[in-house]
Each structure stands twice: as C-alpha cells, then as structure tokens.
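Here's a quick look at one protein model. Have the viewer open and follow along.

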Amino acid sequence: MDTILSVRNLVKNFDDGGKRTINVLNDISFDVDKGNFIAIMGPSGSGKSTLLYNISGMDRPTKGKIILEGKNIDNLSEVEMADIRLRKFGYVFQQPHLINSLSVKENIIMAASVLNKKVDKNIENRANELMRLTGIIELADRDTASLSGGQAQRVSICRSFMNNPRLVFADEPTGALNSKASGEIMNLFVDINRKGSTIMLVTHDPLVAAKANQVWFLLDGIIYKKEVLGPWDKMQASLINRKDIINKIMSEIEI
C-alpha cells in the first residue's frame, strides 16, 4: 500500500504554568497507508486527542516531522496549514459544531463554498450524494437546531467529506450518542472508508474500535501496541470477537 502520512519522532510537551514540563507524546513514529481505518485507544491522559490534533494540523508538535504525501507539513505557515486543512483533511468531533442559522445543506456545503468561492452544480450534487449516503437527504432544508444527536453527527460527517479529503480525523465522534446511533455512525465510517477514504479515529469504546481495520493503543505517550484486525465483514459474530480481542488488550494496560 502507498503511504499517505508519515510521522517521525513526534514529541509534544506542555508547560504546566511554568512549574514543570509535561510530556504528552514521547518520540512517536509511524506510517499510515492510504485507505486504512485506524482506531486509537488508551487511558485518559495517554495522548490520544493530542496525537490526533498534532498530526492533523490543529496544533503544532514540540518536535518531529509530519509528512503528508511526501511533503513535510509541520513547518508550514498558519496560512499554508489552513489551506492544507481545507483541501486535504476532514474533521469529525464529538460535538458537531453546526451553525444553527444555516440549514442542514448550507452547513454541509460551507467548506466547499469557501474552497471554491461559489456554490455550483457540482457542489450541490456532491452534497446531495453525501446526504443520500448518510440517510439525511430529506432533512436538507431543516433548521439544524431541531436535529437529533445522530442526525447532527451525520451532517458533520457530510461536511467533513465535501472537499474529498485525503485523510479524515475523528475525535470521539460517537461519544455523545446512544448505542443505536453510535452503531449507525460507525457503519457509515466503514462504508466511507471502503470507498477509499483514510480514517484515523480516537475512541474509548471497544465496540466502536472493533469496526476499524487496526487498533493502536497509546500508553504514557507512546504507541504500546498495534492490533491488526483487518476489514470488518459486517457480521455481528465477528464484531463481538474483535471486541473481545480489544478488551483483552485494554485489560493489559488497565484502560
């Protein structure tokens, strides 16, 4: 497989009010293959979200290199980094952060309209395609304030894929959802991944992680273990087996 993202010797430190330096990420290196689906797990404070934010350009590492499709991006200016985020990355967070003054469709096409400086037929068609894929096409003109949690997260997913991102970062995207909505959202991620999108997702839920191709476990700022599960066959029996594998590793590191 081709490599889409390479991370080399990544370090992230925080200054604790000038009293001491807190090491959150400790010399982490890895490669991400195009089309992979990676779930990141670990105890609270292990650096999961910090890792995601640093490799996605939302924050800057203390040291290390982040190489996207062969280009070092960790030393880009803020303007250049904002352009990379807009053109090549997609983001899904635990809270969708929708704009209530805009309709569902307007929220979805917002990033594409910024990139293209206008809303043309191609953008309209892309938004409609994503809304059909996520089962919210009938909500296109609805006020986002009236949406359920699962519906709002679907809008967020559509928005994140509008510009055909090379890599999608998701930080606890099911954390605020009930089990039914969580399962539906993760099935969407599986389907989107199988259409060719590369996904890196932080989660605390082994049932969520069980639908990824790989699960990476962080402990004390390092990657403690990588468990390769392979693509999920969408069968409940195999999902339970995959979850059991994850739970066993979680018990090892006392998550």
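What follows covers the nonpolar cores first, then two charged residues.

This is a predicted model, so to speak with conditions: local features need pLDDT of at least 70, side-chain atom pairs count only at pLDDT 80 or more, and totals for chains, interfaces and linings use all residues. Residues are numbered from 1 along each chain as its sequence is written, and side-chain values use heavy atoms, with hydrogens and water left out.

A nonpolar core here is a set of buried Ala, Val, Leu, Ile, Met, Phe, Trp, Tyr and Cys residues joined through side-chain atoms within 4.5 Å; buried means under 20% relative accessible area, exposed over 50%, partly exposed in between (1.4 Å probe, protein chains only). The largest one has 48 residues, and Ile 108, Phe 189 and Ile 246 have the most contacts inside it. Helix α6 (residues 179-194) gives the largest share, seven residues. Apart from this core lies another of 29 residues, including Leu 76 and Phe 169.

Now for the charged pair of examples, with contact meaning heavy atoms within 4.5 Å and neighbours up to four places away in sequence not counted.

| Residue | Strand (DSSP E run, at least two residues, numbered from the N terminus) |
|---|---|
| Lys 63 | β4 (residues 63-68) |
| Asp 171 | β7 (residues 167-171) |

Lys 63 counts as exposed because its relative accessibility is 55%, and it touches Asn 9, Leu 10 and Val 11. Asp 171 is buried yet has no salt bridge (a side-chain nitrogen of Lys or Arg within 4 Å of a carboxyl oxygen of Asp or Glu). Its nearest side chain of opposite charge, Lys 48, is 7.7 Å away.

Notes:
Helices (H or I, at least four residues) and strands (E, at least two) are DSSP runs, numbered from the N terminus. Lys and Arg count as positive and Asp and Glu as negative; His and the chain ends are not counted.
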